[in-house]
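Trainee: Got a minute to go through this one with me? I'd like to talk about how the chains sit together.

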There are 4 protein chains.
Amino acid sequence: MIFSSDNWAGAHPVIAESLVRAAGGFASAYGTSELDRKVEKTLSAVFERDVAVFFVATGTAANSLALASTNRPGGHVLCHREAHVNADECGAPEFFSHGAKLAPVDGPDGKMDPNRLEKEIQRTRGGGVHGGQPMAVTMTQATEAGTVYSLDEIDAIAAIAKSFNLPLHMDGARFANALVTLGATPAEMTWKRGIDLLSFGGTKNGCWCAEALILFDTSKAEEMGYLRKRSAQLFSKSRFIAAQFDAYLEGDLWLDLARHANGMASRLAAGIEGSNSTRLAWPSGSNELFVVLKKETAAKLQADGAVFYDWPVPHTLSNSVAEDEGLYRLVTSFATTPDDVDRFLKAL
Amino acid sequence: MIFSSDNWAGAHPVIAESLVRAAGGFASAYGTSELDRKVEKTLSAVFERDVAVFFVATGTAANSLALASTNRPGGHVLCHREAHVNADECGAPEFFSHGAKLAPVDGPDGKMDPNRLEKEIQRTRGGGVHGGQPMAVTMTQATEAGTVYSLDEIDAIAAIAKSFNLPLHMDGARFANALVTLGATPAEMTWKRGIDLLSFGGTKNGCWCAEALILFDTSKAEEMGYLRKRSAQLFSKSRFIAAQFDAYLEGDLWLDLARHANGMASRLAAGIEGSNSTRLAWPSGSNELFVVLKKETAAKLQADGAVFYDWPVPHTLSNSVAEDEGLYRLVTSFATTPDDVDRFLKAL
Amino acid sequence: MIFSSDNWAGAHPVIAESLVRAAGGFASAYGTSELDRKVEKTLSAVFERDVAVFFVATGTAANSLALASTNRPGGHVLCHREAHVNADECGAPEFFSHGAKLAPVDGPDGKMDPNRLEKEIQRTRGGGVHGGQPMAVTMTQATEAGTVYSLDEIDAIAAIAKSFNLPLHMDGARFANALVTLGATPAEMTWKRGIDLLSFGGTKNGCWCAEALILFDTSKAEEMGYLRKRSAQLFSKSRFIAAQFDAYLEGDLWLDLARHANGMASRLAAGIEGSNSTRLAWPSGSNELFVVLKKETAAKLQADGAVFYDWPVPHTLSNSVAEDEGLYRLVTSFATTPDDVDRFLKAL
Amino acid sequence: MIFSSDNWAGAHPVIAESLVRAAGGFASAYGTSELDRKVEKTLSAVFERDVAVFFVATGTAANSLALASTNRPGGHVLCHREAHVNADECGAPEFFSHGAKLAPVDGPDGKMDPNRLEKEIQRTRGGGVHGGQPMAVTMTQATEAGTVYSLDEIDAIAAIAKSFNLPLHMDGARFANALVTLGATPAEMTWKRGIDLLSFGGTKNGCWCAEALILFDTSKAEEMGYLRKRSAQLFSKSRFIAAQFDAYLEGDLWLDLARHANGMASRLAAGIEGSNSTRLAWPSGSNELFVVLKKETAAKLQADGAVFYDWPVPHTLSNSVAEDEGLYRLVTSFATTPDDVDRFLKAL
């Protein structure tokens with residue numbers, strides 16, 4: 001009953017085996033091997049256009065490099081207040097961007113409110129050099145609240161970004177989970193909507209360590225090569241990432257794994273919604289659920305062996321969570337079993 | 001006949017299998033799993049004292065974080081002119097250190113000359129705030145020239161660093177290769193000589209991706225935790241690094257692999273020294289050889305299928321390499337076979 | 001009727017003349033002249049203890065260097081949301097601090113609410129390396145709202161900073177204005193309350209360009225010397241700053257100028273409070289007033305030759321400012337005359 | 001007999017008086033006043049084209065901002081080894097440029113050798129992402145050795161910079177001194193030769209504090225506005241710089257002052273060349289002389305009241321300076337009198 005995080009799972013066997021298969025022989029280093037090239041081609045096919053692919057060590061690195069590439073002095077990065085870049089990356093985006101400001105935008109269900117986004121951009125522009133300048137917009141899909149922006153909602157954000165000529169980044173740490181929820185293609189959820197840069201995460205969805213920064217504008221690739229190396233993110237034996245992505249993308253394994261994880265979350269959500277002692281804080285859309293439980297109940301579940309985290313109650317929820325209640329996060333993954341879910345619901 | 005680099009090899013089968021073994025089940029993330037802890041304990045045993053261990057993505061990251069932790073405004077990092085930090089990291093040490101200056105120190109055989117090191121430190125101190133201030137000394141073991149500092153030579157460098165109260169870092173991308181050459185213990189080659197921070201590399205010696213920054217002063221560990229995360233170098237499924245190191249250190253596999261690679265280099269060196277058409281640029285000591293060849297010979301070898309790199313002739317060699325000659329680097333690894341070596345020597 | 005800003009005034013004649021007097025002869029550069037030393041001694045006397053003094057070009061530089069000296073990776077600087085460091089310095093504090101986060105704390109009348117400050121510190125500490133770490137607290141005296149922290153209010157902020165072992169900085173761009181309002185001594189308003197670093201501004205109060213960063217802990221002075229030089233803030237002919245401060249501090253000119261500016265603001269405030277078409281947004285305490293006016297009235301005043309700025313309505317006031325009203329800032333200075341004030345009030 | 005530095009002089013009386021004249025009245029802040037605009041226009045006239053002008057606090061700031069505006073990750077700035085940016089700015093260019101590397105190029109008489117410059121650029125480009133990338137070339141006019149690049153020599157450097165598409169910066173801390181030596185116009189010595197960015201120094205030549213960064217490509221001005229503010233280099237009462245430049249440029253005062261300083265240096269040089277106990281290290285061309293003296297002689301001169309600095313012997317001179325000799329720098333300024341010179345020569 002491990003619902004603490006999708007990064008508590010290890011690697012899917014197919015992916016681990018791919019690493020073993022690739023271990024023999026020699027191949028050129030620093031991202032130039034045949035396997036690296038193959039994965040780049042596969043990703044271009046997946047996204048239905050030529051893309052530039054940069055393997056990096058962590059999702060934080062992909063996000064931070066994306067934002068660093070948009071760099072402007074005194075720059076503001078518009079993001080949801082709860083976004084990973086703002087709340088959970090220890091200032092990496094600021095460091096990579098030489099001191100950019102993460103400018104939080106509120107909005108319900110973990111999604112930026114387009115009106116507030118526009119107002120915040122205008123506010124920044126109003127301050128002249130003193131106030132700095134907007135530099136990029138970043139959105140998370142699936143969001144940190146476990147919800148998913150609809151294609152229309154992405155359009156609304158993109159329209160504002162474009163109207164101010166700001167690059168638009170998508171943090172896709174749980175890209176596959178959002179994709180299968182929307183039933184969209186990768187192209188439809190990204191560049192066809194106006195996304196310029198994508199953090200494409202594989203780690204949370206069954207890889208050991210497979211994160212890629214994807215540029216839809218390949219003319220920015222040369223500069224990114226230097227940015228990545230300068231950030232100590234260029235792997236020598238880069239094919240160990242390629243080998244993971246190769247297996248991950250082959251035969252749509254990645255979508256199957258996401259469907260499984262989302263399915264487990266739905267099963268959990270159904271059980272929770274059917275209970276009268278608990279409720280979801282936000283609608284469910286991916287493999288993350290945020291649940292309001294009596295603190296007592298949560299403690300009992302944990303004593304019974306369920307592993308999950310307390311979550312800080314955001315100020316938008318502060319009125320709807322009672323004194324004796326808490327907010328808790330439940331995350332499923334490729335490795336979650338129906339039995340795990342059912343045991344949890346039974347304990348609940 | 002692949003002698004291009006030790007990072008053209010993949011992973012040793014035992015290490016790849018360890019990744020498969022660790023792939024199942026759940027474990028806590030971000031370096032807190034049992035396997036992570038086990039490796040930390042093993043490394044403390046290996047180094048005969050409590051050490052703080054930070055897994056990172058690349059050797060460049062380990063080096064850059066080590067230097068970043070010594071940060072001083074206007075700081076100078078003293079290093080050999082050919083050091084990886086100075087020549088091959090695209091400014092990562094400068095970026096991580098917010099603009100520190102890499103101050104090159106010359107010396108024969110890829111080793112810093114202690115007298116020049118001292119003079120350069122004094123020169124910097126002489127400039128007041130205008131000239132900046134010395135901040136750290138870093139040495140590479142084995143060096144970029146394939147040579148190895150003797151214990152006495154490490155002592156000489158350490159004595160100078162200590163006399164100016166400067167932290168001393170060792171770039172151990174090929175730590176194991178140097179260790180087996182000296183026949184010293186890890187402790188004897190590091191903290192017993194005055195090394196404060198060590199980049200402990202496993203990738204070039206049989207791992208897929210296993211680099212660790214090791215602090216001998218564990219009181220610096222808390223700050224380093226933030227530095228690492230801010231640099232986007234904290235792996236979520238950190239145990240995939242731990243699994244590699246676990247197999248790497250088990251039963252001294254790491255030393256066996258280094259002995260093998262060094263042995264292949266010695267076999268190659270013996271053949272080269274016995275030839276009258278070629279010679280070594282620097283004495284051999286690890287798994288890297290630098291060879292002076294007629295350009296014609298090099299081209300013929302490459303046509304015969306040998307893979308190795310041209311190397312820029314450093315100014316210290318410029319008088320001893322003729323117009324029709326070039327400098328070439330040959331690197332062996334755990335995956336090099338005696339047959340590879342013998343075929344190369346025969347072709348030569 | 002210039003109420004746009006205290007930096008629209010030029011220099012007080014006594015200060016300008018001091019520059020002429022100092023122009024002749026030779027003196028050693030980079031802050032080592034006799035005049036530089038004299039001012040340092042005077043400031044030590046003014047603050048009743050040995051202080052380290054660093055002249056810099058701008059208040060932004062003093063603030064940014066102060067915060068840079070407290071640097072921690074992933075660091076958060078706690079400040080009021082409307083603080084100059086957060087709202088008006090184009091990311092200079094973030095740049096100087098290599099990407100620190102300015103963490104806004106709300107509170108009425110431009111002052112941080114101590115409870116919210118404490119909560120925000122605890123929130124940051126709760127996130128482990130992911131959330132970063134608190135690194136410093138900074139308060140503005142007089143505040144950006146024109147109000148003044150009482151000595152007790154400073155004590156409350158300082159107690160929290162100290163309880164978390166965080167350095168406490170005061171942005172004293174309008175230090176003198178606050179001082180004469182409180183009737184306190186410089187020591188009483190700073191280090192006796194727990195202030196560690198002070199931006200001591202002279203520019204807004206009658207100098208051309210005279211800003212100093214003052215360290216109450218002189219053991220930090222050596223490092224600051226390098227920080228200042230690395231930030232391109234070390235003047236060669238430093239005595240041109242010293243000459244201004246020399247005249248500024250002589251015979252308490254600085255306090256007289258502040259008393260005059262505050263007096264003009266009080267005269268203005270009295271007139272405004274007596275009017276029934278307008279009101280103060282916050283209580284008056286220094287030489288800045290924030291006034292709620294009908295937009296129509298404001299436009300008419302401006303047409304009549306009054307110069308002052310619209311001010312963005314902060315969200316805390318959004319309910320109390322009507323649709324047809326605006327928020328306006330009126331600033332007085334050493335150069336404001338009673339006649340200016342009276343003409344403005346008459347026009348109103 | 002003060003020959004220590006041109007920054008030991010104060011301000012020329014005409015410039016000091018201009019500050020007094022400008023002190024009254026009100027004017028808009030942050031570089032928007034009429035006087036600011038007037039000086040910008042004057043500089044456009046002086047340079048015979050529209051230029052963008054940014055007043056900053058120090059020459060180090062002008063240099064560092066110029067280089068920061070050319071920023072590229074892993075960037076190398078090519079400069080003479082003895083250049084102020086490399087030797088005397090405590091890492092400010094590196095800090096402003098987020099870790100760029102200052103890549104020293106040698107050459108006689110303080111001037112970059114064009115062949116070496118080209119080789120160093122090619123060497124950097126040869127290393128792929130590992131070696132970083134060339135990002136800018138910077139030259140100092142007059143040089144740190146007191147010499148002056150001829151127009152042809154500037155052409156040679158510019159041709160190389162342009163052939164690699166690199167922006168070319170001129171550090172003109174002693175711009176006027178070089179200009180009057182060459183008898184060229186400001187345009188002829190800068191943009192007509194290919195200079196893109198100029199640090200235009202007034203401080204060493206009779207101002208208190210007047211430095212400007214001049215962009216010949218005005219399309220870069222908007223971004224520079226943010227860079228300057230983010231660096232804490234935007235003066236509020238900016239007209240105090242404008243007032244100095246206004247007087248400095250009026251009636252060619254700046255050229256008269258430079259001619260005087262150079263004339264004093266020539267008088268000194270003539271006397272030194274006529275002596276048989278001493279010699280010039282490099283040909284004289286501006287207001288700086290570097291003299292080889294017996295240490296004993298230098299000590300005696302200093303005992304007699306002459307103030308001048310020992311200078312570190314660069315390695316290019318190490319063979320021509322005897323054990324009992326030293327290298328000494330003598331600098332003249334607008335404030336040096338013929339009598340100072342003659343007394344020094346007599347003492348010699």
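**How the two chains meet**

Mentor: Sure, and keep in mind that this is a predicted model. The contact takes 52 residues from chain A and 52 residues from chain B.

Trainee: Do the copies meet through the same surface or different ones, and why?

Mentor: Through the same surface, because 100% of the interface residues of chain A are also interface residues in chain B.

Trainee: OK, what rotation superposes chain A on chain B?

Mentor: A rotation of 180 degrees, with 0.0 Å of shift along its axis, and the RMSD is 0.0 Å. That is how a two-fold axis relates two copies.

Trainee: Which residue of chain A comes closest to that axis?

Mentor: Ala57(A), with its C-alpha at 3.0 Å from the rotation axis.

Trainee: Switching to area, how much is buried between chain A and chain B?

Mentor: About 4400 Å², and carbon and sulfur atoms give 67% of that.

Trainee: Which elements of chain A touch chain B?

Mentor: Those giving two or more residues are α1 (13-22), α3 (59-68), α5 (92-96), α11 (221-230) and α12 (239-249) of chain A. Of the elements, α1(A) gives the most, with five residues.

Trainee: And what's the make-up of that side by class?

Mentor: The side of chain A that touches chain B has 29 nonpolar, 15 polar and eight charged residues.

Trainee: With charged residues there, how many salt bridges are counted between chain A and chain B?

Mentor: Zero. Polar contacts do turn up, though: 24 residue pairs across the interface, both residues at pLDDT 80 or more.

Technical notes: Residues are numbered from 1 along each chain as its sequence is written. Chains are lettered from A and ligands numbered from 1 in the order in which they are written. This is a predicted model: local features need pLDDT of at least 70, side-chain atom pairs count only at pLDDT 80 or more; totals for chains, interfaces and linings use all residues. Side-chain values use heavy atoms; hydrogens and water are left out. Copies are superposed by least squares on the C-alpha atoms of residues with pLDDT of at least 70 in both. Contact means heavy atoms within 4.5 Å. Buried area is the accessible area (1.4 Å probe) that two parts lose on being put together, summed over both. A salt bridge is a side-chain nitrogen of Lys or Arg within 4 Å of a carboxyl oxygen of Asp or Glu. A polar contact is a pair of N or O atoms within 3.5 Å; within protein, one must be able to donate a hydrogen and the other to accept it, and residues adjacent in sequence count only if both atoms are side-chain atoms. Helices (H or I, at least four residues) and strands (E, at least two) are DSSP runs, numbered from the N terminus. Ala, Val, Leu, Ile, Met, Phe, Trp, Tyr, Cys and Pro count as nonpolar, Asp, Glu, Lys and Arg as charged, and the others, Gly among them, as polar.
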